[in-house]
Every structure is written in C-alpha cells, then in structure tokens.
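Visitor: I'm new here and like to ask how people know things. Could you show me what we're talking about?

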Amino acid sequence: DLVVLATGIPPALGGPVDVPGGLLTDEFGFLADEQPQAGMLAAGCAKRPTDVATCVRDATGAAMRALHFCAE
C-alpha cells in the first residue's frame with residue numbers, strides 16, 4: 001500500500017503577471033525554462049512544482065548552462 005500526500009505549489013506571484021526584469025512566465029506564473037537573453041536561467045521551484053532531489057539536479061544543469069553561456 002502507498003499513500004502520497006501532496007499539496008499544490010503555486011508560484012510566489014500567484015499567476016501570470018509581469019515579472020520584473022522582463023522574465024517570461026508560463027500560464028501558471030512559473031518562470032520559463034531558459035532566458036539567456038536576460039542573463040538568467042530558471043531552476044527548481046521557480047520553474048515548476050518539484051521535489052528536492054529534482055531541484056538539485058535542475059540547479060546543477062542550470063549552473064552548467066550558465067558556464068556554457070560564459071564560455072561563448
């Protein structure tokens with residue numbers, strides 16, 4: 001048997017809004033995945049509801065992408 005308790009995770013801004021800095025959001029208000037033109041990469045719960053392990057992997061990937069953009 002398995003019981004999973006989960007709650008919804010809304011973005012801090014609560015829906016589609018104009019985020020400072022011109023960052024793009026999806027229809028739910030989370031940041032769009034990659035925005036190198038703004039010099040920012042979204043990771044973890046800023047991008048979508050997720051667990052801690054996925055956040056760590058996502059942040060590692062964002063750091064590697066940032067290094068790639070710096071090397072160009």
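Visitor: Among contacts in the protein chain between residues at least 6 apart in sequence, what percentage join residues at least 24 apart?

Guide: That comes to 14%. Keep in mind that this is a predicted model.

Visitor: What are the elements, and in which order do they run?

Guide: The protein chain has 1 helix and 2 strands. Starting at the N terminus, the order is β-β-α.

Visitor: How much of the protein chain counts as buried?

Guide: Of its 72 residues, 19% do. The chain exposes about 5200 Å², and carbon and sulfur atoms supply 65% of that.

Visitor: Why is cysteine 70 called exposed?

Guide: Its relative accessible area is 65%. Exposed means over 50%, so cysteine 70 earns the word.

Visitor: How do you know that cysteine 55 is in no disulfide?

Guide: A search of the whole structure turns up 0 disulfides. For cysteine 55, the nearest cysteine sulfur belongs to cysteine 45, and that one is 4.0 Å away. A disulfide needs the two sulfur atoms within 2.5 Å, so this pair doesn't make the cut.

Visitor: What makes aspartate 58 and lysine 47 a salt bridge?

Guide: Side chains of opposite charge can pair when their charged atoms come close. The rule asks for a nitrogen within 4 Å of a carboxyl oxygen. Here the N to O distance is 2.9 Å, so the pair passes. Aspartate 58 sits in helix H1 (residues 52-71), while lysine 47 is in the loop between strand S2 (40-41) and H1, 11 residues apart.

Visitor: And why does arginine 48 with aspartate 58 count as a salt bridge?

Guide: Their closest N and O atoms are 3.9 Å apart. The limit is within 4 Å, so this pair is in as well. Arginine 48 lies in the loop between S2 and H1 and aspartate 58 in helix H1, so the pair ties together parts 10 residues apart in sequence.

Visitor: How many salt bridges does that rule give, and which residues are linked in a network?

Guide: The count is 2 salt bridges. Lys47, Arg48 and Asp58 are linked in a network.

Visitor: Are those residues buried or exposed, and what makes you say that?

Guide: Buried means under 20% relative accessible area. Aspartate 58 is at 11%, so the word fits. Lysine 47 is also at 11%, so it counts as buried too. Arginine 48 has 33%, which lands between the 20% and 50% limits, so it is called partly exposed.

Note on methods:
Residues numbered from 1 in each chain as written. Predicted model: local features only at pLDDT ≥ 70, side-chain atom pairs only at ≥ 80, totals over all residues. Heavy atoms only, no water. Buried < 20%, exposed > 50% of the residue type's maximum accessible area, 1.4 Å probe, protein only. Salt bridge = Lys/Arg side-chain N within 4 Å of Asp/Glu carboxyl O. Helix = DSSP H or I, 4+ residues; strand = E, 2+ residues; numbered from the N terminus. Contact = heavy atoms within 4.5 Å. Areas by Shrake-Rupley, 256 points an atom, 1.4 Å probe, with all protein chains shown as cover.
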